[in-house]
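Biologist: Please walk me through this one, and take it slowly.

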Amino acid sequence: MSDSQLRVGFGETDITPPEGLFMCGSLDPRRNEGTTDPLQSHALVAESGDRRIVVVGVDLIGLPKALTDPIIAEASRRTGIASDAILIACSHTHSGPYTAEGVYSSDVIDAGYLSTLPDRIAASVEEAAGRMEPVSMHIGRSLVHHGIHNRRVICPDGKVMNTWMPQALNDLEYVPQVYGTAGPVDPEMWVVRFDRLDGSTIGVFYNYSLHTNSKGGTTWSADYPCVVAEQMREEYGPDVISVYTPGACADINVTLGGVRWREGATYFAEQAVDAARRAVPVDGPIEVGAVRRDITVPRRDPADHSPEAIERLNWGGAGGRADVFDRQAELVAGLPEEWDVPVNAARIGPLAIASNPGELFVEHGLSIKRRSPFPYTVVAELTNDLAMYQPTEAAFEQEGYESLVGPNRIALEGVERIVDTAVELVEALWNE
């Protein structure tokens with residue numbers, strides 16, 4: 001077997017919390033009442049020559065750097081894989097537990113549960129590293145426009161409101177008209193299928209720029225990625241593991257959610273399976289590589305938006321929720337003026353994965369794709385940190401929810417530095 005032969009392994013561990021913890025994904029915490037779909041950690045380890053990389057997809061809303069660094073260290077200790085080559089991307093499911101204090105609520109995390117994550121997530125990486133075998137790589141794509149939308153609409157005052165606020169948006173006195181959506185969507189659903197040398201499928205990696213917030217409710221669920229995983233197993237076998245990373249989707253929501261969430265999820269899964277079926281083989285030597293750079297970013301000025309910016313949003317008809325956002329501004333004011341965030345890039349052959357430590361606006365993700373020298377590039381947000389929303393310059397001026405102090409904690413200069421660094425790291429991998 002050639003030293004350049006691609007070898008891949010997949011691993012999976014259950015990370016479902018116990019019943020009764022607080023659930024994240026809204027301004028107010030809610031008590032969990034059971035499990036609809038288990039939460040899991042799915043790991044992919046790829047090796048070519050003397051280089052190995054790890055991509056982990058975790059069914060959690062996000063993991064702050066204070067948690068991911070110990071997880072990465074434990075995975076590195078167990079496998080010998082360099083810590084800089086390990087990417088842990090959270091799906092951002094809104095039907096999971098809190099993983100950090102101060103994300104709109106306090107006294108909501110369960111320290112006992114969080115303490116189990118280094119072992120559980122590292123175990124999925126260890127399993128993947130122990131199951132590596134020679135594979136062929138196949139890349140497919142579906143353009144999926146149906147079922148998604150840019151969730152920010154422009155109002156007559158030039159500001160924006162979010163589409164989940166129908167009571168306010170449909171009040172013709174409050175919002176007499178809207179002037180379209182404030183930005184684009186990214187319809188590319190990428191699926192990379194890995195087959196054993198006998199032609200059977202070992203697992204898939206996929207990426208899509210869509211907020212994982214379709215289910216809601218009071219039961220644990222991995223949301224639409226679990227439905228994709230189910231259909232992949234129906235198509236390719238019960239042992240196939242699907243590793244999901246969310247693209248730049250801070251401002252992209254589902255159209256069909258709530259009680260009909262699985263209907264929409266099934267459609268996304270059908271598109272993912274179709275992309276896997278149509279995937280084309282990657283010929284020739286397949287290189288792998290990864291790089292990480294921790295960079296310093298400036299804090300958002302907590303005084304640079306007015307109280308009117310909070311009140312005008314009229315959160316779903318429930319007012320501006322100053323009780324939440326005033327408290328968030330106080331929290332941000334107490335943060336250091338600068339801190340470090342991780343930025344990663346990885347490659348598997350012609351595919352580049354550029355990471356982001358927070359929730360990145362789709363416009364930034366599309367910019368990274370345009371500037372990447374790779375034939376195929378995806379963005380994996382919420383990787384190795386939970387750095388909150390990262391809007392565009394226009395979005396800051398439009399004063400939507402995502403640019404309020406609290407949801408956003410990094411100044412525009414820092415957001416652009418993160419995006420530029422991701423491009424630089426992708427270019428460095430290409431130039432190798």
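Modeller: The lining of the second largest cavity has 8 nonpolar residues, no polar ones and 1 charged residue, where Ala, Val, Leu, Ile, Met, Phe, Trp, Tyr, Cys and Pro count as nonpolar, Asp, Glu, Lys and Arg as charged, and the others, including Gly, as polar. Please keep in mind that this is a predicted model, in which local features need pLDDT of at least 70 and side-chain atom pairs count only at pLDDT 80 or more, while totals for chains, interfaces and linings use all residues. Residues are numbered from 1 along each chain as its sequence is written, and side-chain values use heavy atoms, with hydrogens and water left out.

Biologist: Which residues line that second largest cavity?

Modeller: Its lining consists of Leu21, Phe22, Pro97, Tyr98, Val108, Ile109, Asp110, Tyr113 and Leu114, and the space inside comes to about 30 Å³. A cavity here is a set of points, on a 1 Å grid over the protein atoms alone, where a 1.4 Å probe fits but cannot get out, and lining residues have an atom within 4 Å of a point. Points are joined across faces, edges and corners, and a volume is the space filled by probe spheres set on them.

Biologist: And how many cavities are there?

Modeller: The count is 2 cavities of 30 Å³ or more, and the largest of them holds about 40 Å³ of space. The lining of the largest cavity is 4 nonpolar, 4 polar and 2 charged residues, among them Asp186, Asn207, Lys369 and Val379.

Biologist: Which helix gives the most to that lining?

Modeller: Helix α9 (residues 362-371) does, with 4 residues; helices (H or I, at least four residues) and strands (E, at least two) are DSSP runs numbered from the N terminus.

Biologist: What about open pockets, what volume does the largest one have?

Modeller: The largest pocket has a volume of about 600 Å³, a pocket being an open set of points with protein on both sides within 12 Å along at least five of seven lines. Of the 28 residues that line this pocket, Gly25, Ser26, His94, Trp164 and Asn213 lie nearest its centre, and by class the lining splits into 14 nonpolar, 11 polar and 3 charged residues.

Biologist: Switching to charges, how many salt bridges are there?

Modeller: There are 33 salt bridges, counted wherever a side-chain nitrogen of Lys or Arg comes within 4 Å of a carboxyl oxygen of Asp or Glu. One of them joins the side chains of Asp28 and Arg321, with 3.0 Å from N to O. Asp28 lies in the loop between β2 (22-23) and β3 (30-31), and Arg321 in the loop between α7 (307-311) and α8 (322-333), so this pair ties together parts that are 293 residues apart in sequence.

Biologist: Is Arg321 buried or exposed?

Modeller: Arg321 counts as buried at 17% relative accessibility, whereas Asp28 is partly exposed at 38%; buried means under 20% relative accessible area, exposed over 50%, and partly exposed in between, with a 1.4 Å probe and protein chains only.

Biologist: Which residue does Glu402 bridge to?

Modeller: Glu402 forms a salt bridge with Arg151, the closest N and O atoms being 2.8 Å apart, and both residues are buried. There is also a salt-bridge network that links Glu74, Arg77, Arg78, Asp119 and Glu126.

Biologist: Now sheets: what is the strand order in the open one with 4 strands?

Modeller: The order is β16-β17-β18-β20, with mixed pairing, where two strands pair if DSSP finds at least two bridges between them. Strands β16 (288-298) and β20 (376-380) stand at the edges with a single partner each, so one side of each is left without a neighbour in the sheet. Strand β16 runs antiparallel to β17 (residues 338-348), joined by 11 bridges, and Val288 stands opposite Ile348 in β17.

Biologist: Last topic, what is odd about the phi of His92?

Modeller: Most residues other than glycine have a negative phi. His92, although not a glycine, has a positive phi of about 75°; this residue sits in the loop between β6 (86-90) and α2 (111-115) and counts as buried at 4% relative accessibility. Met388 likewise has a positive phi, near 65°, and is found in the loop between β20 and β21 (389-390), where Met388 counts as buried at 4% relative accessibility.
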